[in-house]
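Biologist: Could you help me learn to read a protein model, one feature at a time?

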Amino acid sequence: PRRPPRNRSKALVASLRLHGTEEDCSCFCTSEVQILPVCSDRIVLIMGARSQLWSIAKMSVTGGVIGVTISDRYVTVVAIKGHSMHPTMTATDSALRGDIVLAEKACLDQYKFSRGDVILFKCPSNHKEVFVKRLIGLPGEWIQLPASSEIIKVPQGHCWVEGDNAARSWDSRSFGPIPLGLINGRVTHIIWPPSKIGRVERKWPEDRIPPF
Amino acid sequence: KIIPIEPSSPSAAAMSRFVRRLAGIPWRQIAGEASSVGLLMAQGLCAVHVVSEHVLGVAFPRGPSMLPALNMAGDVLLTDKVSPRRGWVGPGDVVLLLSPEDPRKIVAKRVLGMEGDEVTYPVDAGNSDATKTVVVPQGHIWVQGDNIYSSNDSRQFGPVPYGLVKGKMSYRIWPPSRIGSIDSKE
């Protein structure tokens, strides 16, 4: 099919002939890198140096925008620092060798969580830090504080979080229940190191009385 | 390629004409154009999301708690999403935050105190003149509606963590009679 050439500074129009037919086949490329498989027999690739840089810049901006959107709304990748969730997740001294997990954001639509979920949330006393802990108490539940025999009620719109590694975890036992609005996502899978690849299960700590 | 079959009846002839016409439609080209249009639309939606979530958004606040600065309904405000992330929020700013009582609700209130500030607030506005003074804990802010007689704010749910702040509002773009900045209470 015949198409008019676009007016760009580096536009080139090449005419090719299909084998076996009399039809003229026009391929055209603009200053972007474009491969148009209109003609099945011959494909013409034309690019200039400046346009190549421009197209790389455009592709990275597009990729970045799509990546940010996916990371905000659907799934994101987080590296674990800190030892509060040992042995479920561990960090080592170098961030590259710590555990890397997948966190989903679909739960932030309705803020519906289950007991035992592992969640990411902003620290209530420093909004720049993100913590990962297990959700122990949902809004409205009565839970028992592990050390004492006190029973407290988790207020509406808040939740009680604790780390699996109770000795090294700074969590709701210190800063109290946190508003659900601070939650950033729910951890679903560990994707690094290869020996720990798999789902992060919803788990209830053995020595806790389930809330009521 | 269609292997021509001898039509045995008028309806079979019509059928084979129809199939031949179907084969003549450039399906691959249409699919290519549709997918490129779809990709363009996806890129556009992603760009809109990134801008409205991280740079500049629009808010439609409703309710009486910020009278007289904000109308009860019909106002359209520009929301600055960059400032809260950088910590450029201070007393007197009107902010959007997730409600600590229900994270699915977004509320607009004015910041009265940052961490470490002492805030004196009327305990029971309208009924008594009693006030109370609190010190705002680290990482938290004290928010209050301008209309203290009809506002559910930090006087009820306490200081809120700064991480709940989602945007700062300074400019109104609708209704036309009130376009401009929301005056900051000193």
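Modeller: Gladly; we will go through annotated sites, cysteines, buried polar residues and domains.

Modeller: This is a predicted model, where local features need pLDDT of at least 70 and side-chain atom pairs count only at pLDDT 80 or more, while totals for chains, interfaces and linings use all residues. Residues are numbered from 1 along each chain as its sequence is written, chains are lettered from A and ligands numbered from 1 in the order in which they are written, and side-chain values use heavy atoms, with hydrogens and water left out.

Biologist: Which residues does UniProt list for "active site"?

Modeller: UniProt positions are given in the numbering used here, with shortened feature names, and annotations may be inferred rather than shown by experiment. The unreviewed entry lists A:Ser84 and A:Lys133. They are spread over 50 residues of sequence, yet they cluster in space, with a largest C-alpha distance of 7.5 Å.

Biologist: Is A:Ser84 buried or exposed?

Modeller: Buried means under 20% relative accessible area, exposed over 50%, and partly exposed in between (1.4 Å probe, protein chains only). A:Ser84 counts as buried because its relative accessibility is 10%. A:Ser84 sits in the loop between strand S3 (75–79) and strand S4 (100–104) of chain A; strands (E, at least two residues) are DSSP runs, numbered from the N terminus.

Biologist: How many disulfides are there over all chains?

Modeller: A disulfide is a pair of cysteine sulfur atoms within 2.5 Å. The search of the whole structure finds 0.

Biologist: Why is there no bond between A:Cys107 and A:Cys159?

Modeller: The sulfur of A:Cys107 has its closest cysteine sulfur in A:Cys159, but they are 11 Å apart, so they are too far for a bond. For B:Cys46, the closest cysteine sulfur is in A:Cys107, 20 Å away, which is also too far. A:Cys107 is buried at 5% relative accessibility, and B:Cys46 is buried at 11%.

Biologist: What does the side chain of B:Ser99 lie 3.1 Å from?

Modeller: A polar contact is a pair of N or O atoms within 3.5 Å; within protein, one must be able to donate a hydrogen and the other to accept it, and residues adjacent in sequence count only if both atoms are side-chain atoms. A polar atom of the B:Ser99 side chain lies 3.1 Å from the backbone nitrogen of B:Glu101. B:Ser99 belongs to strand S3 (residues 94–99) of chain B and is buried at 3% relative accessibility.

Biologist: And where are the domains of chain B?

Modeller: Domain bounds come from an automatic or database domain assignment. For chain B this gives domain 1 (12–54) and domain 2 (60–181), whose C-alpha centres lie 47 Å apart.

Technical notes: Helices (H or I, at least four residues) and strands (E, at least two) are DSSP runs, numbered from the N terminus.
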